[in-house]
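Trainee: Hello! Could you show me how to read a structure like this one, step by step?
Mentor: Gladly. Let us open it and begin with a pair of strands.

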Amino acid sequence: MKLSELAERLGCRLEGDGDIEIVRIAGIKEAGPGDLTFLANSKYEKLLASTRAAAVILKEGPVCAAACLRTPQPYLAFAAAVRLFAPDSRPPDGVHPLAAVAADARLDAHVSVGAFVWIGPGAAVGAGTVIHPNATIGEGAIIGRDCVIHSNVSIRERVVIGDRVILQNGVVVGGDGYGFVRRADGTHEKIPQTAAVIIEDDVELGANTTVDRPAVGETRIRRGTKIDNLVMIAHGVSVGRNVLMAAQVGVAGSTDIGDEVVFGGQVGVGGHLTIGRGAVAVGQSGVTNSVDPGAMVSGYPAIDSREWRRSSAVFRRLPELKRRIEELEAKVAALMGDEDDEGADIT
Amino acid sequence: MKLSELAERLGCRLEGDGDIEIVRIAGIKEAGPGDLTFLANSKYEKLLASTRAAAVILKEGPVCAAACLRTPQPYLAFAAAVRLFAPDSRPPDGVHPLAAVAADARLDAHVSVGAFVWIGPGAAVGAGTVIHPNATIGEGAIIGRDCVIHSNVSIRERVVIGDRVILQNGVVVGGDGYGFVRRADGTHEKIPQTAAVIIEDDVELGANTTVDRPAVGETRIRRGTKIDNLVMIAHGVSVGRNVLMAAQVGVAGSTDIGDEVVFGGQVGVGGHLTIGRGAVAVGQSGVTNSVDPGAMVSGYPAIDSREWRRSSAVFRRLPELKRRIEELEAKVAALMGDEDDEGADIT
Amino acid sequence: MKLSELAERLGCRLEGDGDIEIVRIAGIKEAGPGDLTFLANSKYEKLLASTRAAAVILKEGPVCAAACLRTPQPYLAFAAAVRLFAPDSRPPDGVHPLAAVAADARLDAHVSVGAFVWIGPGAAVGAGTVIHPNATIGEGAIIGRDCVIHSNVSIRERVVIGDRVILQNGVVVGGDGYGFVRRADGTHEKIPQTAAVIIEDDVELGANTTVDRPAVGETRIRRGTKIDNLVMIAHGVSVGRNVLMAAQVGVAGSTDIGDEVVFGGQVGVGGHLTIGRGAVAVGQSGVTNSVDPGAMVSGYPAIDSREWRRSSAVFRRLPELKRRIEELEAKVAALMGDEDDEGADIT
């Protein structure tokens, strides 16, 4: 595609030769002739001088030897450019002859169902949805339009999935929540977990992430939330809109997570808590109490991030502080000895 | 079901109108007309005044406007009530025509094997067991009676699984343990992991949990243990009876975990340790040493929880302590200056 | 197998009766008559007196009642012995009639493809490779020679896998990286993740581990690296040769990990970092900055392990240090009161 056409389709201001033929999108370090790259993080601005890319998407300002596509939002334009060049991996419509679809399942005519997909009785799949090989769709599950269900995904019975939802490979939605009652003899009785699980529109779940089903009420992930790989969403959790959770986060049962919350990788969140809108938990923190809207927390137990950073800085100096306390003790003992030869403890 | 019948089946004392028709079990907040709810945690007692539930399972004592089912163990009665109302999702007996079962596999007549299930040579499956679609049962694996193997589970060769075991979707039992020997050139030689893996009766493993196989000896999970999602049980680990492990716990190789141990979410436990009967490790703790029976540990490295809590409370005040040390140093310097103008260090 | 033959095949010096028939390899505690065991860790040397094993692999030196196979590298000889006794679980060559292989996929004649395996258009599989049931191999993926792909693995489109690679069950290679751009309205736009994922020769990935695909550039795991279960390798990460990662490690996007790095279990590593050759991160540590070659780091944020251990030792004594500061304050106040009845703060 000619650079001039790209400029137009991406809504960027062209600077340089519009006739350059772009064949690929590439990172700024590995880009070469024919490649379009981007600069979104000013930390990498120095690479503008050395990049071998044919053209660069970037904001107004920085000087660049290559041709430029200028835009106030280089990262968004980059995303759009990647989309233009992405290979179309959508399989054709139709149900593979080696799929097993229950007679009463309702599939839109415009769906693609791969080999070894099982779709249970009463399930429904909307137009434009692709179900890749070896996925299983439980009895009565409802999947909306334009979803992508990757291979080896398990969607359990009666789960409800909205439109444009993407489930990466190995995701499990609607597995039984971890609910047991201890009997007097120390064994545990399983509480059947048969209530609702709802994944709203535009949600994406990363590979091997699990979303559990509760005994009563519902587990719900709201519109636009994006969750990375190997995350655990326990039974009865409510996740707000446009939430971001990095990989390996775990959220315990019945916790309520507000819109636009952000969790770093490996964060753990206790059960029955409320995480306020827009709150942030830094990677690996352990959230044991509810968090106010907009707060940023760190550490275990998670506290205000600034406060935690101050304590953490001192943690590193603990051996020195201990030594200074010992020195003070010696000096004070000496001072007290001066006034009291017995060195008696005056406290 | 009439409330009076429910009272009888749950062994509760009925208080109020036994003719109320109950149609659903629900949480105390979302319950409405026709719903039976429960109160097990006194923290929620104030909700008794406002619940719209038709009836409430609770202990003797608290006043409640709705009809009541009184019992000393409301949570157990709730579990039983959920069971009464749970939809029966057991698929019919029989082997799906698109399953692949080895000619010499021994399947009881009363089993349900879903589509795209592979059962290897010499494997055995007991009466009442359900194997959902896309599960794989390796060569020579033995599965007991009344188990539920959910979709996309992998049971590897020669694994032995007891009765009434539930494996949630994506579970892997018997994958190769992480065993390598470093060669002189820095590469690693794989130690074949071909020994035994045993999951005893009444165990439940959560979605995408993995239990590894050792080179020698066995990995064993004993009767009645319940493990949540995304947990890692390494090769050669021995897990006792009625143990509880929350999500994302990891236990390293050859560790021995006693009966009735409890691990909170994201706990990590080192290899070759002994965790005594009934010990508890709080969420996210990192257990690097063996733990005494009945102990409760926290933090990394995990120490006695009370001790950890005391240190943790001071951690938060470290910047203040540092300032107080600095103030003391200034004061002591001043005091020493009074007696020695040179301010010589007397220590 | 006779012990004398084993000695020859393992390259060990035989000490004792070479006619003993060895039937199994076992751990030193559970070994009995007919068993060969090993002693690699001197911590277990005292068990030499009580073992019931028929023979022991061990280094020169320790006295042992049983027959001995002496070698300078007992653990390597043990690995070789386990291999000699390992049951051959390789299924026969051929494509199962219930596999679905695209017409233009190129499969070597000497491959084994199990039931319900889907191999997409243009994919290639090399000689000697085994693909177990219910695995999916995406369009255009390339798999080398002598690999083992266990059941329920997902290999996505265009992934490249070298020779002798082992993927345990449930592994996902090439799932979409977690790449989104925030729009002005708080929603997020997906950046298509369509670039390269390469797993080089002799890599092993543990059960349910995930390796993500980037938008540009590549995700690459280099030769000889061994990764345990439930690990997350994010998009654009580069992992060096002969790296070891224990279970549940998470590495964020674009981080560069040098050769022979070692990560303990549950380690978290931030994005865009460089981890130098041979560096070690202790279990559960949280690496937030780049790490020098050969360094060993601990804690969160991860710092030099010796330094961390010193601070950690003091952490445990924080309540005592706080008390000592309070005592000093009382004493200093008393001293100052002696010289100034007003007790004015002199700082």
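Mentor: Keep in mind that this is a predicted model. Start with β1(C), which pairs with strand β5 (residues 67–70) of chain C in the antiparallel sense, over three bridges. To see one point of that pairing, find C:Arg13 and look across to C:Arg70 in β5(C), which stands opposite.

Trainee: What is the order of the strands in the open sheet that holds β1 of chain C?
Mentor: The idea is to walk from one neighbour to the next. Here five strands of chain C give the order β1-β5-β4-β3-β2, and the sheet is open with mixed pairing.

Trainee: Which are the edge strands of chain C there?
Mentor: Look for strands that pair on one side only: in chain C they are β1 (13–15) and β2 (24–25).

Trainee: What does parallel pairing look like in chain C, for instance at strand β22?
Mentor: Strand β22 (residues 196–199) of chain C runs parallel to strand β25 (residues 218–221) of chain C, and four bridges join them. Try finding C:Ile199, which has C:Ile221 of β25(C) opposite.

Trainee: Which strand of chain C pairs with β25(C) over two bridges?
Mentor: That is strand β28 (residues 238–239) of chain C, again in the parallel sense. Follow C:Ile221 once more: its bridge partner in β28(C) is C:Val239. In this way you can step from C:Ile199 to C:Ile221, and from C:Ile221 on to C:Val239.

Trainee: Now chain A, please. How many strands are in its open sheet with parallel pairing?
Mentor: Ten strands, in the order β7-β10-β13-β16-β19-β24-β27-β30-β33-β36 of chain A. At the edges stand β7 (100–101) and β36 (286–287) of chain A; each has a single partner strand, so one side of each is left without a neighbour in the sheet.

Trainee: Where in chain A could I look at one pair inside that order?
Mentor: Take strand β27 (residues 232–233) and strand β30 (residues 250–251) of chain A, which pair in the parallel sense over two bridges. A:Met232 stands opposite A:Gly250 in β30(A).

Trainee: Next, the chains together. What turn lays chain C on chain A?
Mentor: First the general idea: two copies of a chain are related by a rotation about an axis and a shift along it. In this case a turn of 120° and a shift of 0.0 Å along the axis lay chain C on chain A, with an RMSD of 0.1 Å. That is the relation of a three-fold axis. Chain B is superposed on chain C by a rotation of 120° with 0.0 Å of shift along its axis, at RMSD 0.1 Å.

Trainee: How many residues are in contact between chain C and chain A?
Mentor: To read an interface, begin with who touches whom: 75 residues of chain C are in contact with 66 residues of chain A. Then take the area buried between these chains, about 5,500 Å², of which carbon and sulfur atoms give 63%.

Trainee: What is the count of salt bridges between chain C and chain A?
Mentor: The count is four. You can look for the one in which the side chains of C:Glu307 and A:Arg316 meet, at 2.9 Å, N to O. The interface of chain C and chain A also has 35 residue pairs in polar contact, counting pairs with both residues at pLDDT 80 or more.

Trainee: Which elements give two or more residues to the side of chain C that touches chain A?
Mentor: Among them are β19 (172–176), β24 (210–213) and α3 (305–315) of chain C. The element that gives the most is α4(C), with twelve residues. By class, that side of chain C has 35 nonpolar, 24 polar and 16 charged residues.

Trainee: And how many residues of chain B are in contact with chain C?
Mentor: There, 75 residues of chain B are in contact with 66 residues of chain C. About 5,500 Å² is buried between chain B and chain C, with carbon and sulfur atoms giving 63%. Four salt bridges are found across that interface; in one of them the side chains of C:Glu204 and B:Lys190 meet at 3.0 Å, N to O.

Technical notes
Residues are numbered from 1 along each chain as its sequence is written. Chains are lettered from A and ligands numbered from 1 in the order in which they are written. This is a predicted model: local features need pLDDT of at least 70, side-chain atom pairs count only at pLDDT 80 or more; totals for chains, interfaces and linings use all residues. Side-chain values use heavy atoms; hydrogens and water are left out. Contact means heavy atoms within 4.5 Å. Buried area is the accessible area (1.4 Å probe) that two parts lose on being put together, summed over both. A polar contact is a pair of N or O atoms within 3.5 Å; within protein, one must be able to donate a hydrogen and the other to accept it, and residues adjacent in sequence count only if both atoms are side-chain atoms. Ala, Val, Leu, Ile, Met, Phe, Trp, Tyr, Cys and Pro count as nonpolar, Asp, Glu, Lys and Arg as charged, and the others, Gly among them, as polar. Two strands pair if DSSP finds at least two bridges between them. Copies are superposed by least squares on the C-alpha atoms of residues with pLDDT of at least 70 in both.
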